[in-house]
Amino acid sequence: MFLDERARGLEDQHLGAQCNSGAFRMAEEVELSHIQSASEMAEGKDGKHNFQSMMFLEPTEASIDIKALLVKKAKKICSCTPAKVKDLIFSFLPVLEWLPRYKPREYLLGDIMSGVIVGILLVPQSIAYSLLAGQEPIYGLYTSFFASIIYFVFGTSRHISVGIFGVLCLMVGQVVDREVERVGYHMEPRVPSGLRREMAIYVNTTSLAVNQTLCDRSCYAIVVGATVTFVAGVYQVALGFFQVGFVSVYLSDSLLSGFVTGASFTILTSQVKYLLGLDIPRSSGIGSLVTTWINIFKNIHKTNICDLITSFLCLLALVPTKELNEHFKSRLKAPIPIELVVIVAATLASHFGKLKENYGSSIAGHIPTGFLPPHPPKWDLIPSVAIDAVAIAIIGFAITVSLSEMFAKKHGYTVKANQEMYAIGFCNIIPSFFHCFTTSAALAKTLVKESTGCRTQISGVVTALVILLVLLLIAPLFYSLQKCVLGVITIVNLRGALRKFRDLPKMWHLSKVDTVIWLVTMAASALISTEIGLLIGVCFSMLCIIVRTQRPEASLLGQVAETEMYESLSAYKNLRMKPGIVVFRFEAPLYYVNKECFKSTLYKQTGVNPARVKAAKKKAAKRMLKEKRANSDGSPADVSVQLVTEPLVCHTIVIDCCAVQFLDTAGIHTLKEICKDYEEIGIQVLLAKCNASVRGSLHRGEYFKKGEPNVLFHSVHQAVDFALGTHKHNGCSAAKE
């Protein structure tokens with residue numbers, strides 16, 4: 001009985017195996033009925049072989065009702081439901097969405113810690129960068145305060161620190177210097193600083209010449225800076241409204257890095273006069289870096305020894321401590337606030353040593369407390385600064401969006417690029433009415449903010465409170481602070497951008513094109529001007545893209561042994577080529593720019609130029625006729641021998657289209673022309689691995705002749721099998737004949 005059960009068990013296993021085998025074969029047959037091997041041929045009753053096309057995809061014919069579509073869109077836009085209104089408000093004011101879910105026990109300590117530390121670091125930097133923008137120190141504090149509060153309301157990033165950014169300050173400062181000089185302010189203001197606050201209220205924006213007794217150079221400078229900031233903010237909000245954030249994709253990482261490094265040289269150059277205590281005019285326009293250095297060397301004999309010694313001592317304190325902060329950032333709970341320490345020590349030394357009275361050192365002067373009343377921008381100045389504001393707006397939102405996305409990806413949340421443009425735009429528009437200048441996210445302060453425990457933008461509010469404390473109480477204590485100290489702080493903060501030169505060998509190894517873009521943008525931004533340098537960088541970057549698609553990589557492919565894969569013969573060894581079949585890959589879209597390159601490269605790689613082959617045949621035919629006329633006794637057999645030409649190296653060319661993203665009209669005509677030319681000399685052209693866009697273009701461009709099958713292939717291997725089968729079939733047919 002045991003044997004019977006065992007026998008029945010074995011029988012069941014055998015039947016199950018047969019069923020499984022049958023099911024497997026059935027699945028194979030179903031699959032092969034959809035995609036058949038190109039080497040298989042279906043033989044009909046008449047004994048002829050019928051080749052099956054490799055693609056059975058039939059495009060859908062979607063009829064679009066424009067009227068219905070417009071009505072649907074209009075209903076969607078015009079419909080107003082409580083849920084839609086709520087979503088709209090929450091998307092425009094993200095603080096309403098995340099603040100109710102705030103976890104004080106988990107987040108508050110880290111936010112307070114990071115906010116206080118960033119605020120302490122931001123105070124000296126705000127004062128220092130004010131000089132870079134051509135403004136009084138108080139306006140830098142205003143800018144940092146308002147930017148932190150406004151981004152807290154509108155921003156979607158939890159970590160970035162929005163405030164003063166050196167490159168934007170430089171760009172604003174160049175516009176300020178130009179406009180201030182245009183209206184006749186060539187000299188530094190002589191009006192006591194304590195009176196400027198009252199004077200700012202009485203700025204007459206329509207008749208400056210009449211009111212020059214009420215508004216000095218400093219007053220007009222902040223009017224210009226606020227107007228530029230307002231226009232830049234309007235541009236950024238407009239970009240967000242029309243959802244054209246894609247503009248930032250034209251500013252690649254290498255381009256932005258080169259621009260920042262080039263602008264850093266200009267920033268460094270502009271601060272050297274403060275380190276040396278020189279009173280020289282600030283150069284602007286094309287070649288300002290070279291002009292500034294010429295003026296520095298012309299006046300080097302006027303160096304203030306006290307400012308030079310102070311600058312040297314500050315450098316000795318700042319640079320090593322900054323290096324220690326970076327080297328031990330993983331061990332330190334918070335970076336050493338060396339900038340604040342240096343400012344406090346230098347202010348005390350200048351005050352008690354009476355460096356201005358005894359040695360003529362240049363000091364910050366009176367910094368008032370409190371806030372100025374709001375004032376609108378100078379409307380009639382907008383046409384003069386509108387073009388300058390374009391570059392400022394683009395750089396500001398590009399840096400902000402890129403930093404937001406970088407830290408969001410690192411910490412596992414998402415940011416809205418268009419909302420970020422709204423946020424940074426309002427960080428410029430609203431503060432421009434409160435005597436502020438352009439802001440954006442800053443990498444150095446964002447890194448400090450993240451590393452000290454920041455969890456949300458509550459830390460930005462804490463930073464604003466620290467700056468508010470300075471504005472209301474502490475600001476006047478910086479009266480005796482030397483400007484050379486602020487210049488040293490600015491220069492030391494450029495170390496990160498200038499260190500990019502150390503990364504050039506690695507960048508060159510990764511991408512030579514990106515390295516060249518970096519060098520061109522850096523040199524143009526430093527030697528010509530920041531705005532023109534940015535424009536040159538964008539144009540050169542786009543030119544590199546055009547050149548790379550105009551002269552792309554193209555190669556012949558060979559089969560990897562025992563696989564159906566085909567790879568480049570120039571990149572890998574031990575690849576096999578099927579006799580009489582050439583596989584060609586073109587690694588770029590085929591359009592009007594590179595169509596000639598495609599043809600010439602194909603002819604060169606395959607070794608077959610249809611025009612030359614046809615020309616050779618015509619030449620042989622003419623020679624035959626000429627010899628026939630010359631020798632009337634020549635036999636036909638002798639003539640036919642003379643018509644024999646060299647055999648072609650292939651009978652089929654397979655074009656791998658996997659890297660061809662799209663075709664335009666010129667590209668379709670090029671493929672049709674190539675197919676026709678090769679067909680005339682007995683070579684068939686097959687296309688493989690075409691994407692949906694390319695297939696649609698071929699269909700619309702009538703690449704396939706009417707009444708003939710659309711022979712396209714899912715893979716190169718199928719195309720090669722098809723070519724082998726076709727050639728074998730044609731050879732058999734010729735032998736029978």
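## A tour from strand S8 outward

Select Phe-584 and Ile-655: Phe-584 stands opposite Ile-655, a residue of strand S9. The model on screen is predicted.

**Stop 1: S8 and its faces.** Select residues 581-586, which make up strand S8. Six of these six residues are buried, so S8 is largely enclosed by the rest of the structure. In a regular strand, side chains alternate between the two faces of the sheet. Which residues lie on each side of S8? Colour Ile-581, Val-583 and Arg-585 for one side, then Val-582, Phe-584 and Phe-586 for the other. Every one of them is buried, and both faces of S8 are covered.

**Stop 2: the neighbours of S8.** Add residues 652-656, strand S9. S9 runs parallel to S8 and is joined to it by five bridges. Next add residues 554-560, strand S5, which pairs with S8 in the antiparallel sense over four bridges. Two positions are worth labelling here: Ser-555 has Arg-585 of S8 as its bridge partner, and Leu-557 stands opposite Val-583 of S8.

**Stop 3: along S5.** How many of the seven residues of S5 are buried? Six are, and the strand is mostly covered. Now bring in strand S6, residues 566-568, which is antiparallel to S5 and pairs with it over three bridges. Select Gln-559 together with Tyr-566, its bridge partner in S6. S5 and S6 form a hairpin, with five residues between them. In that turn, click on Glu-562, whose phi is positive, about 60°. Strand S7, residues 575-576, also runs antiparallel to S5, joined by two bridges. Keep Gln-559 selected, since Arg-576 of S7 stands opposite Gln-559.

**Stop 4: helix H12.** Clear the selection and pick residues 305-327, helix H12. At 1.5 Å a residue, its 23 residues should span 33 Å, and the end C-alpha atoms are 33 Å apart, so the two values agree. Show side chains for the buried residues of H12, among them Cys-306, Asp-307, Cys-314, Leu-318 and Lys-322. What covers the buried residues of H12? The cover includes H10, helix H13 (338-353), helix H14 (355-359), helix H19 (483-492) and H20.

**Stop 5: aromatic rings.** Show the Phe, Tyr and Trp rings across the whole structure; a search finds 25 aromatic pairs. One of them is Phe-145 with Phe-146, edge-to-face, at 5.3 Å centre to centre and 75° between the planes. Both Phe-145 and Phe-146 are buried. Another pair to select is Phe-265 with Phe-501, also edge-to-face, at 5.9 Å centre to centre and with 70° between the planes. Phe-265 lies in helix H10 (residues 253-276), while Phe-501 is in the loop between helix H20 (495-498) and helix H21 (504-510), so this pair ties together parts that are 236 residues apart in sequence. Buried or exposed? Phe-265 counts as partly exposed, at 29% relative accessibility, and Phe-501 also counts as partly exposed, at 32%.

Return to Phe-145 and Phe-146 and add Tyr-139, Tyr-142, Phe-371 and Phe-434: ring pairs link these residues into a cluster. For a charge over a ring, select Arg-158, which lies over the face of Tyr-413, 4.2 Å from the ring centre.

**Stop 6: zoom out.** Show the protein chain as a cartoon: its secondary structure comes to 29 helices and eleven strands. Of its 737 residues, 46% are buried. Switch to a surface view; the chain exposes about 39300 Å², with 62% of it supplied by carbon and sulfur atoms.

Notes:
Residues are numbered from 1 along each chain as its sequence is written. This is a predicted model: local features need pLDDT of at least 70, side-chain atom pairs count only at pLDDT 80 or more; totals for chains, interfaces and linings use all residues. Side-chain values use heavy atoms; hydrogens and water are left out. Rings of Phe, Tyr and Trp (its six-membered ring) pair if their centres lie within 6.5 Å; planes under 30 degrees apart count as stacked, over 60 as edge-to-face and the rest as tilted. Buried means under 20% relative accessible area, exposed over 50%, partly exposed in between (1.4 Å probe, protein chains only). A charge sits over a ring if NZ of Lys or CZ of Arg is within 6 Å of the ring centre and within 35 degrees of the ring normal. Two strands pair if DSSP finds at least two bridges between them. Accessible areas come from the Shrake-Rupley method with a 1.4 Å probe; for residues, only the protein chains shown count as cover. The expected span of a helix is 1.5 Å times one less than its number of residues. Contact means heavy atoms within 4.5 Å.
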